[in-house]
Amino acid sequence: MGFNSSLRAHAGASEPNLSRRSFLTRAGIAATGALLFPSFDAYAYSLSRERTLYLYNKHTGEDMTLVCCPERNYDRGLLRQFSHFLRDHHADESCPMDPGLIDILYAISAMTRSSGTFEIISGYRAPETNRMLRRHSHGVAEHSLHMEGKAIDLRMSDVSTRTIRKTALALQYGGVGYYRRADFVHLDTGRIRSW
């Protein structure tokens, strides 16, 4: 699967995401609490601006550019492209990915002041792929949120996985798993927990 697609997608009008306001509030508190920004005002200003996110899918060789801002809702076209980009490369299947994952990527990018690329290791997983991975690794959950389109495994080109983990923990937005030896972080929109 060698083609590279560069998608410039803008946030536009769509159905409202009721959790967005609470996400932005949590992100601001996390940034202030973690002392990653000098003040809440500075962070709030960064949240009101468009931010370009660069993603690279390690398994398909594709890249994607998202121009987004969590103050606006993501349009359906962008969400379809995001879901296709994070498809299960083993089964060549996709499912609708939770737009909250884009919010998390945006916040991590803003809080770390990254201008680098998110390297995607895993997005959606079909049930048969999850079963296959469980046979080869004890670190794969039987009821993984990857199968629901609510999880992503990644690293970043200009931010250490340790810093990604610390930032995601400060956000308190969902699950955070740190795989130090494999050098990646699991992020999900499920209940708040860490491992």
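Buried means under 20% relative accessible area, exposed means over 50%, and partly exposed is what sits in between, using a 1.4 Å probe and protein chains only. Keep that to hand for the exercises below.

The model is predicted, so local features need pLDDT of at least 70 and side-chain atom pairs count only at pLDDT 80 or more, while totals for chains, interfaces and linings use all residues. Residues are numbered from 1 along each chain as its sequence is written, and side-chain values use heavy atoms, with hydrogens and water left out.

**Exercise 1. Find the salt bridge between Arg193 and Asp188, and sort each partner as buried or partly exposed.**

Step 1: Start with the rule. A salt bridge is a side-chain nitrogen of Lys or Arg within 4 Å of a carboxyl oxygen of Asp or Glu.

Step 2: Check the pair. The closest N and O atoms of Arg193 and Asp188 are 2.7 Å apart, which fits the rule.

Step 3: Sort the partners. Arg193 has 22% relative accessibility, so it counts as partly exposed. Asp188 counts as buried because its relative accessible area is 1%.

**Exercise 2. How many salt bridges does the model have, and which parts of the chain does the Glu62 and Arg87 pair link?**

Step 1: Count them. The rule gives seven salt bridges.

Step 2: Look at Glu62 and Arg87, whose closest N and O atoms are 2.6 Å apart. This pair ties together distant parts of the chain, 25 residues apart: Glu62 is in the loop between strand S2 (51-57) and strand S3 (63-68), and Arg87 is in the loop between helix H3 (76-85) and helix H4 (100-112). Helices (H or I, at least four residues) and strands (E, at least two) are DSSP runs, numbered from the N terminus.

Step 3: Check burial. Glu62 is buried at a relative accessible area of 1%, and Arg87 is buried at 7%.

Step 4: Now take Arg155 and Glu119, which meet in a salt bridge at 2.8 Å, N to O. Arg155 belongs to strand S5 (residues 151-156) and Glu119 to strand S4 (residues 117-122), with their positions 36 residues apart in the chain. Arg155 is buried with a relative accessible area of 17%, whereas Glu119 is partly exposed with 22%.

**Exercise 3. Which residues form the aromatic pair, and how is it arranged?**

Step 1: Recall the approach. A pair of aromatic rings is described by the distance of the centres and the angle of the planes. Rings of Phe, Tyr and Trp (its six-membered ring) pair if their centres lie within 6.5 Å; planes under 30 degrees apart are stacked, over 60 edge-to-face, and the rest tilted.

Step 2: Apply it. The count comes to one aromatic pair. Tyr179 and Phe184 are stacked, at 4.7 Å centre to centre and 15° between the planes.

Step 3: Add burial. Tyr179 is partly exposed at 23% relative accessibility, while Phe184 is buried at 14%.

**Exercise 4. Describe the surroundings of Thr161 and Asn130.**

Step 1: Contact means heavy atoms within 4.5 Å.

Step 2: Thr161 is found in helix H6 (residues 161-171) and is buried, with a relative accessible area of 7%. Leaving aside residues up to four places away in sequence, Thr161 touches Arg155, Tyr178, Asp183, Phe184 and Val185.

Step 3: Asn130 lies in helix H5 and is buried, at a relative accessible area of 1%. With the same sequence neighbours left out (up to four places away), the contacts of Asn130 include Arg125, Val140 and Met147.

**Exercise 5. What lines the largest pocket and the largest cavity?**

Step 1: Set the terms. On a 1 Å grid over the protein atoms alone, a cavity is a set of points where a 1.4 Å probe fits but cannot get out; a pocket is an open set with protein on both sides within 12 Å along at least five of seven lines; lining residues have an atom within 4 Å of a point. Grid points are joined across faces, edges and corners, and a volume is the space filled by probe spheres set on the points.

Step 2: The largest pocket has a volume of about 720 Å³. Of its 36 lining residues, the closest to the centre are Arg125, Gly139, Val140, Asp153 and Phe184.

Step 3: The largest cavity holds about 60 Å³. Its lining includes Ile104, Leu187 and Asp188.
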